[in-house]
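Me: I'd like to learn how to read a structure feature by feature. Could you walk me through this one?

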Amino acid sequence: MPGATNGTDQNEQQQPPRGTEALLAHISQHKIDVALWATRVLTIVFAFGYLIPIFGNVQSSYYKVLVANAATSALRLHQRLPRVSLTREFLSHLLVEDSCHYLFYSLIFLYVSPVILILLPVVLFAVLHSASYSLTLLDTLGQNSWWGARLLISIVEFQTRNILRLAAFTEVFLMPFTIVLVLLGKGGLMTPLIYYHFLTLRYSSRRNPYTRNIFYECRLAAEMLANNPSMPAIVSKIIRAGISFVSRLAPPMPQTAQQ
């Protein structure tokens with residue numbers, strides 16, 4: 001039927017082009033997005049190089065993970081705040097950006113001895129965001145391209161909430177861990193103090209509430225433990241004192257983050 005033929009032709013015309021040429025065109029039009037994807041993939045590759053010494057110096061791979069994450073954060077900041085200005089307003093906007101927080105994170109731990117736990121949050125975020133954009137690139141190549149990669153991406157996307165929770169828990173756990181690093185001589189005396197400022201920024205994040213939620217869940221768990229009738233009174237008192245101390249350290253929450 002002529003009408004059916006015309007409808008088919010229109011659908012074919014409306015479908016975006018697929019294949020290698022379409023991929024190259026996409027890369028040309030979205031240079032920063034592709035660069036972000038590349039730096040995130042490098043973060044993952046270097047992390048594997050730290051776990052399995054396939055790239056030579058293991059310590060070098062460790063610091064390359066942090067450098068790649070810093071590059072990712074800087075590129076993302078360029079997207080979010082393309083115009084740099086030396087004003088208080090710009091600085092306030094800069095400090096609420098999650099990418100600024102993780103640029104700060106990389107700079108903190110560039111001067112600390114290699115510890116695998118430090119790499120976990122940046123690698124988890126790299127996996128999560130690179131998987132999302134990898135799907136875009138695969139769709140540009142064609143619907144049936146790299147089905148194995150699509151399966152892995154679907155698994156990552158299905159576990160997004162758990163990945164974000166694990167990253168947030170690691171951020172919180174690293175606070176006391178930085179003190180241990182100082183005692184072991186693997187970190188500077190200022191590392192816990194600087195990391196505390198990083199953690200306050202994560203706690204106040206407008207776009208990612210997971211760090212704030214982890215603190216809340218930890219508080220509930222500690223209060224349940226302190227209220228347990230079988231808990232010795234002195235231990236309950238210490239736990240409550242710890243809860244009170246941590247609560248006083250929490251930064252005031254802006255209205256936008258509370259909503």
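Reply: Gladly! Let's begin with burial: a residue is called buried when its relative accessible area is under 20%, exposed when it is over 50%, and partly exposed in between. Keep in mind that this is a predicted model.

Me: Is N69 buried or exposed?

Reply: N69 has a relative accessible area of 8%, so it is buried. This residue lies in helix 4, which covers residues 58-80.

Me: What does the side chain of N69 make a polar contact with?

Reply: Its partner is the side chain of S106, at 2.6 Å. If you set aside the neighbours within four places in sequence, N69 is in contact with T43, Y102, S106 and V122.

Me: And A74, which is also placed in helix 4: how does the cut-off work there?

Reply: A74 has 38% relative accessibility, so it counts as partly exposed. Its C-alpha atom is separated by 7.5 Å from that of C100, although the two are 26 residues apart along the chain.

Me: Let's step back to the whole chain. How many helices and strands does it have?

Reply: There are 13 helices and zero strands. Of the 259 residues in the chain, 37% are buried. For contacts, a useful habit is to look at sequence separation: among those between residues at least 6 apart in sequence, 70% join residues at least 24 apart.

Me: Which residues have the most contacts inside the largest nonpolar core?

Reply: They are V65, Y105, F109, I118, L119 and Y195, within a core of 38 residues. At least two residues of this core come from each of helix 3 (31-51), helix 4, helix 6 (98-109), helix 7 (116-141), helix 8 (147-158), helix 9 (160-183), helix 10 (191-203) and helix 11 (210-226). Take L119 as a case: not counting residues up to four places away in sequence, it touches Y50, Y62, V65 and L66.

Me: How should I describe two helices that pack together?

Reply: The general idea is to give the angle between their axes and the distance between the axes. Here, helix 9 and helix 10 pack at an angle of about 175°, with axes 9 Å apart. Angles over 145 degrees count as roughly antiparallel, and therefore helix 9 and helix 10 are roughly antiparallel to each other.

Me: Which residues make that contact?

Reply: Helix 9 contributes T170, E171, V172, L174, M175, T178, I179 and V182, while helix 10 contributes T191, P192, Y195, Y196, F198, L199 and R202. By type, the residues of this contact divide into ten nonpolar, three polar and two charged.

Me: Could we try two more residues? What is the relative accessible area of V127?

Reply: For V127 the value is 25%, so this residue is partly exposed. V127 has its place in helix 7 and, leaving aside neighbours within four places in sequence, is in contact with I44 and V156. The C-alpha atoms of V127 and W37 are separated by 9.9 Å, with their positions 90 residues apart along the chain.

Me: And where does I243 lie?

Reply: I243 lies in helix 12, residues 233-249. With 13% relative accessibility, I243 counts as buried. Its contacts, once neighbours within four places in sequence are left aside, are R219, A222 and E223. The C-alpha atoms of I243 and C218, 25 residues apart along the chain, are separated by 9.4 Å.

How values were computed. Residues numbered from 1 in each chain as written. Predicted model: local features only at pLDDT ≥ 70, side-chain atom pairs only at ≥ 80, totals over all residues. Heavy atoms only, no water. Helix = DSSP H or I, 4+ residues; strand = E, 2+ residues; numbered from the N terminus. Buried < 20%, exposed > 50% of the residue type's maximum accessible area, 1.4 Å probe, protein only. Polar contact = N/O pair within 3.5 Å; in protein donor to acceptor, adjacent residues only side chain to side chain. Contact = heavy atoms within 4.5 Å. Core = buried A, V, L, I, M, F, W, Y, C linked by side-chain atoms within 4.5 Å. Axes fitted to C-alpha atoms, helices over the stretch in contact; angles between N-to-C directions. Parallel < 35°, antiparallel > 145°, perpendicular 65-115°, else oblique. Nonpolar A, V, L, I, M, F, W, Y, C, P; charged D, E, K, R; others polar.
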